[in-house]
Amino acid sequence: MCHSFRTCPLPIATLFDFDVNGVVSGLGLFQNRAVVGDPYNRIDVSNAMAIIQKADGLIQYYVQVGGYSFP
C-alpha cells in the first residue's frame, strides 16, 4: 500500500499525470420580426467539450464530455 503518489509503483504514480483540453463555441441570434413569445435576440454557448487524456505509460485513458444547445 502506498501512502502518497510518489511512493507508489510507477504505473500508479503516473496515473494522474494527464492533459486537459477544452473547446467552447458561442452563438448569437438577432431578428427583427419575432413572433409573440419568441425573443428578439439570444446569446448562448452552442458547444462545450472537455477532454482528459493520458496517452503514455502502462495505464492509458481518454475521457471526453460535452454538451450542445440548439437555438
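This briefing describes the fold, the sheet and the surface of one protein chain. The model is predicted, so local features require pLDDT of at least 70 and side-chain atom pairs count only at pLDDT 80 or more, whereas totals for chains, interfaces and linings use all residues. Residues are numbered from 1 along each chain as its sequence is written, and side-chain values use heavy atoms, with hydrogens and water left out.

**Fold**
- The protein chain contains one helix and three strands (DSSP runs numbered from the N terminus: helices H or I of at least four residues, strands E of at least two).
- Read from the N terminus, the order of elements is α-β-β-β.

**Sheet**
- The three strands form an open, antiparallel sheet in the order β1-β2-β3; strands count as paired if DSSP finds at least two bridges between them.
- Because β1 (19-30) and β3 are edge strands with a single partner each, one side of each has no neighbour in the sheet.
- Strand β2 (residues 41-54) is joined to β3 by eight bridges.
- Met-49 has Gly-66 in β3 as its bridge partner.

**Surface and burial**
- The accessible surface of the protein chain is about 6100 Å², with 61% belonging to carbon and sulfur atoms (Shrake-Rupley method, 1.4 Å probe; for residues, only the protein chains shown count as cover).
- Of the 71 residues in the protein chain, 7% are buried, meaning under 20% relative accessible area (1.4 Å probe, protein chains only).
- Val-65, located in strand β3 (residues 61-68), belongs to a nonpolar surface patch with Phe-16, Phe-18, Val-20, Ile-52 and Val-63.
- Together, the residues of this nonpolar patch have about 520 Å² of accessible area.
- Patch residues have over 30% relative accessible area and no salt bridge, with like charges joined within 9 Å and nonpolar side chains (Val, Leu, Ile, Met, Phe, Trp, Tyr) within 5 Å; a salt bridge is a side-chain nitrogen of Lys or Arg within 4 Å of a carboxyl oxygen of Asp or Glu.

How values were computed:
Buried means under 20% relative accessible area, exposed over 50%, partly exposed in between (1.4 Å probe, protein chains only).
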